[in-house]
Structure formats: structure tokens, C-alpha cells
Amino acid sequence: MPKITYIEHDGTQHTVEAELGSTVMETALRNDIASIVAECGGGCTCATCLVHVDEKWFEIVGPPSAEEEEQLDAAFEVKPTSRLSCQIKVTEPLDGLVVRTPAYQGR
Amino acid sequence: MSETIKTDVLIIGAGPVGLFAVFELGLLDIRTHLVDILDKVGGQCAELYPEKPIYDIPGIPIITANGLTDALMQQIKPFHPTFHLGEMVTTLEKIGDPLFRLRTDTGKTFEAKCVVIAAGGGSFQPKRPPINGIGPYEEKSVFYAVRKMEAFRDKRLLIVGGGDSALDWTLNLQPIAQKLTLVHRRDDFRGAPDSVNKMRALVAAGGMDLKIGQVTTLEGTDGKLAAASIKGNDGSVARVEVDAMLPFFGLTMKLGPVADWGIKMEDELIPTDTAAFETNIPGVFAIGDINTYPGKLKLILSGFHEAALMSQKAHRYVYPEKKLVFQYTTSSTSLQKKLGVA
């Protein structure tokens with residue numbers, strides 16, 4: 001199974017196994033990573049599962065869709081490599097992925 | 001002071017579970033009023049995922065959240081519930097056995113024999129931007145809603161956001177503001193195209209400023225804003241003198257005042273029994289996502305079940321002298337009369 005590393009705002013690192021086909025958001029919730037809120041449960045409608053994808057990984061992960069880009073307007077401190085983690089599907093090429101989670105998801 | 005509204009049951013929250021509670025209570029001749037902080041019914045279904053399909057409503061293989069809300073509204077129509085939308089219940093006090101007095105933030109007062117808290121994940125409230133030291137400015141010179149436009153006449157305004165709220169208030173306030181600056185993180189707007197065009201025309205004509213970036217710092221004293229710094233995506237920082245800021249980043253769910261009503265809570269949820277979904281206060285029930293009990297699942301279908309069982313117990317409080325005879329809508333003429341089909 002691919003591994004994902006979440007680095008929280010305070011530097012806490014979690015490296016966890018991710019199920020293929022699940023999302024980076026679901027994997028965070030399953031592993032109790034509290035800085036991912038995911039209020040809408042993965043509907044791409046609340047912008048509370050923001051992550052900053054590590055720059056080395058951004059090209060592999062890819063940019064947000066138009067729908068996701070609109071939702072990013074409701075997030076804070078959005079960077080060029082920011083994504084909503086509910087919209088990142090776990091695939092083999094993402095083994096080793098590193099994402100940073102913000103201190104604040106709007107609540 | 002407005003007149004007290006008397007009802008059998010006050011339901012807090014007009015999401016799917018609150019709406020279905022109207023049906024189950026209605027079958028037992030219990031009258032209902034509903035209060036919801038949103039300006040529309042449907043709760044999370046309406047606010048978070050109106051067009052998303054739901055696949056686990058029994059007997060309905062697929063339905064959108066809006067579709068479910070519409071269907072529930074049709075289903076409860078025979079019971080004529082009264083809706084109080086765009087309002088938040090702020091206080092609940094026990095004044096009888098059981099009888100409750102509740103007040104809303106718009107000044108309405110209710111007296112209800114029972115209260116049903118169907119508030120889901122809490123009340124939807126505006127997202128607060130994470131700007132250092134924003135707290136003291138809130139409700140003084142930083143506002144998340146416009147209550148009276150006149151308050152902004154001849155003021156220098158900073159509006160933040162890229163959706164319809166930001167654009168609508170930009171267009172509405174621009175004619176009366178002394179100066180208006182709109183800040184958005186990118187040069188693309190998800191608001192209605194017509195509003196975007198009007199805003200761009202105003203910018204081109206010099207009627208307002210548009211800045212692409214994020215507000216990073218606020219300056220001012222005693223809650224009175226004097227200036228804001230906007231960091232552009234190119235790293236440049238612009239300082240804009242402003243009297244008021246209006247951030248529009250959408251809504252998020254916060255538990256809200258329910259925590260102050262003397263109801264026992266656990267991790268922002270309300271523990272209930274599983275026979276009637278009653279809280280530690282007899283006559284106050286909690287159904288749907290806001291309650292917790294062993295085995296709880298946050299599913300709409302679980303909330304529907306909870307509404308049905310809650311109604312049986314509520315009947316005892318509303319009609320203590322009447323014996324409740326369990327009936328099916330399929331075969332009971334009396335229930336069918338209530339539904340207007342017999």
C-alpha cells in the first residue's frame with residue numbers, strides 16, 4: 001500500500017498507509033489527523049480539508065479541477081500547491097507523498 | 001417585545017431529520033414550529049451538497065440532497081409547519097413540567113411543551129479569516145454580514161472573497177461607499193457572470209479597486225480599523241486605508257449556543273437514550289447528527305428512525321391524558337385523513 005506523510009502545522013509528522021482508491025482526506029480521517037476537518041465528508045463543497053502538497057510532489061499530484069479551484073476560494077492561506085485532500089485519489093505513483101496541513105481550516 | 005409564539009414542539013434545525021420530525025409528530029396531532037439559522041430549509045443537504053447524489057435513503061436508489069429536501073417538504077405539507085428561517089435559537093429555559101421558553105437572535109419568543117434539537121453539526125456561521133488580532137475588530141469594523149447598508153455610507157470598505165456574497169455586496173455598497181476595494185486570491189470569480197462583468201466594468205471606470213492577493217495584517221485601535229495590508233500573489237504588499245472590512249469565505253458549522261442550555265454534552269454531541277432520544281432534560285430531545293449513543297451512525301436514515309421514536313415519547317408530554325394507539329399509514333383511516341388522502 002502507498003504511504004503518505006502528513007506534516008502538521010506544528011511539525012508533527014504522521015506516515016501512514018493509504019488504501020488504493022481512497023482519498024488523501026479519508027486516509028487522514030482514518031488515522032486521526034485532526035487538522036483535516038472534512039466537514040462535508042468529501043463532497044468538494046466545504047474547503048476544510050486543505051493541504052499544501054510538497055513541491056516535489058505537486059507535478060505528480062496535479063492541479064485542482066475547476067470545481068475544486070472554486071472551492072479553494074473558501075479556504076485560507078491558499079498557495080499555488082494547495083489542494084483539497086478529498087479530491088486527491090490515492091494511486092501507486094503517490095507512494096511516498098508528502099502533504100502539509102494548515103493550522104486552521106476555517107473552524 | 002413581540003408576542004410569544006405557543007406551539008406543541010419547537011424543532012431546532014430544518015435539515016432532513018428536523019423536517020421528517022414534522023411528519024412523525026404531525027401523525028400524532030402534534031403541532032410544530034421550526035427554527036433554522038440558514039435562510040432556506042435542508043440544512044447540510046442544502047448548504048453543503050445540494051446537487052450531490054445520496055444513495056442510502058431506503059427505497060430511493062438515488063436522489064440529490066435538494067431532491068430529498070423537496071420531497072420531505074411535500075411529505076410534511078399536510079401538517080402546515082411554521083418556519084422561522086435565518087434565525088438562531090439563543091436561549092432555552094425550563095418554565096414548566098415540561099414547558100420551555102426559547103428566544104431567537106431576532107427577538108422572537110416561543111413557548112413549547114417539548115423541544116427537538118435536530119441541529120446536525122451545529123449552526124452554520126461565517127468562516128473567520130485567520131488574520132492575527134482580528135478578534136477585537138469583529139462586529140465593530142469587521143462584519144460577516146450586512147444588516148444595514150446605511151452603516152457603510154461614505155466609508156472606505158474592504159470586501160474579501162470571490163463568490164456571490166462578495167460580489168453582490170461589492171455591487172450594492174459601491175454606490176454609497178466613499179471608496180471600495182475588493183480582494184480575492186485569484187483573478188477569477190466563481191460568482192454569477194453578470195455580477196463579475198459589472199464589477200469589472202466598475203474597476204475599469206475607476207469606481208473601485210480590485211486587488212489579487214490575501215489580507216495579511218490589520219491596523220487600528222479599539223476595534224476601529226484604520227488600514228489593512230494585502231499581500232499580492234507576486235509577493236508585493238499594498239497598504240490600504242479602510243474603515244470596515246467584510247470577509248466572505250462561506251460558512252462552517254459551529255456548535256453554537258446549545259452548549260449553554262444546561263444539556264449534558266459529550267465532545268460537542270448530545271448523549272441520548274435509544275428509546276426516545278431524550279436528553280438529560282425531560283421533554284428536550286436530540287435527533288440526527290447532533291446526538292450520540294452506543295452504536296450511533298451519522299446517517300439520514302438513522303435520524304428518521306430517531307424522529308419516529310422521539311415522537312411517541314413527545315406525545316406523552318403533549319397529550320398526557322391520551323392513550324397512543326400505534327397505527328400504520330397504509331391502513332389507518334385516521335392517519336390518512338391527517339395526510340389528506342382519505
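**Entry 1. Chain B as a whole**

Among contacts in chain B between residues at least 6 apart in sequence, what percentage join residues at least 24 apart? I looked this up before anything else, bearing in mind that the model is predicted. The share is 61%.

I then noted the secondary structure of chain B, which has seven helices and 19 strands. I recorded the extent of its C-alpha trace along the principal axes as about 70 × 45 × 40 Å. Chain B holds 342 residues, and buried residues make up 39% of them.

**Entry 2. Two helices of chain B**

I turned to helix α4 (residues 164-173) of chain B and helix α5 (residues 193-204) of chain B. Two packed helices are described by the angle between their axes and the distance between the axes. I therefore looked up both quantities for this pair: the axes come within 10 Å and cross at roughly 45°. An angle under 35 degrees would count as roughly parallel, and 65 to 115 as roughly perpendicular. The crossing of α4(B) and α5(B) falls in neither class, so I entered the two helices as oblique to each other. I also noted that α4(B) passes α5(B) in a left-handed crossing.

Which residues of α4(B) and α5(B) meet? On the α4(B) side I listed B:Asp164, B:Leu167, B:Asp168, B:Thr170 and B:Leu171. Their partners in α5(B) are B:Ser195, B:Val196, B:Lys198 and B:Met199. By character, the residues of this contact divide into four nonpolar, two polar and three charged.

**Entry 3. The sheet of chain A**

In chain A, I traced an open sheet of five strands. The order of the strands is β2-β1-β5-β3-β4, and the pairing is mixed. I identified the edge strands as β2 (13-17) and β4 (82-84) of chain A, each of which pairs on one side only. From one strand to the next, the twist averages 35°.

I examined the pairing at the β4 edge further. Strand β3 (residues 50-53) of chain A is joined to β4(A) by three bridges, and the two strands run antiparallel. Within β3(A) and β4(A), I found A:Leu50 standing opposite A:Leu84.

**Entry 4. Where the chains touch**

How many residues does the contact take from chain B and from chain A? I recorded 18 residues from chain B and 15 residues from chain A. On the side of chain B that touches chain A, the largest share comes from strand β16 (residues 251-254) of chain B, with three residues. I sorted the residues of that side of chain B into six nonpolar, seven polar and five charged.

Terms used. Residues are numbered from 1 along each chain as its sequence is written. Chains are lettered from A and ligands numbered from 1 in the order in which they are written. This is a predicted model: local features need pLDDT of at least 70, side-chain atom pairs count only at pLDDT 80 or more; totals for chains, interfaces and linings use all residues. Two strands pair if DSSP finds at least two bridges between them. Helices (H or I, at least four residues) and strands (E, at least two) are DSSP runs, numbered from the N terminus. Axes are lines fitted to C-alpha atoms, for helices over the stretch in contact, and angles run from 0 to 180 degrees between N-to-C directions. A residue is buried if 20 or more other C-beta atoms lie within 10 Å of its own, exposed if 12 or fewer, and partly exposed in between; C-beta atoms are placed from the backbone. Two residues are in contact if their C-beta atoms, placed from the backbone, lie within 7 Å. Ala, Val, Leu, Ile, Met, Phe, Trp, Tyr, Cys and Pro count as nonpolar, Asp, Glu, Lys and Arg as charged, and the others, Gly among them, as polar. Angles under 35 degrees count as roughly parallel, over 145 as roughly antiparallel, 65 to 115 as roughly perpendicular and the rest as oblique. A crossing is left-handed if the near helix is turned anticlockwise from the far one by less than a right angle, and right-handed if clockwise.
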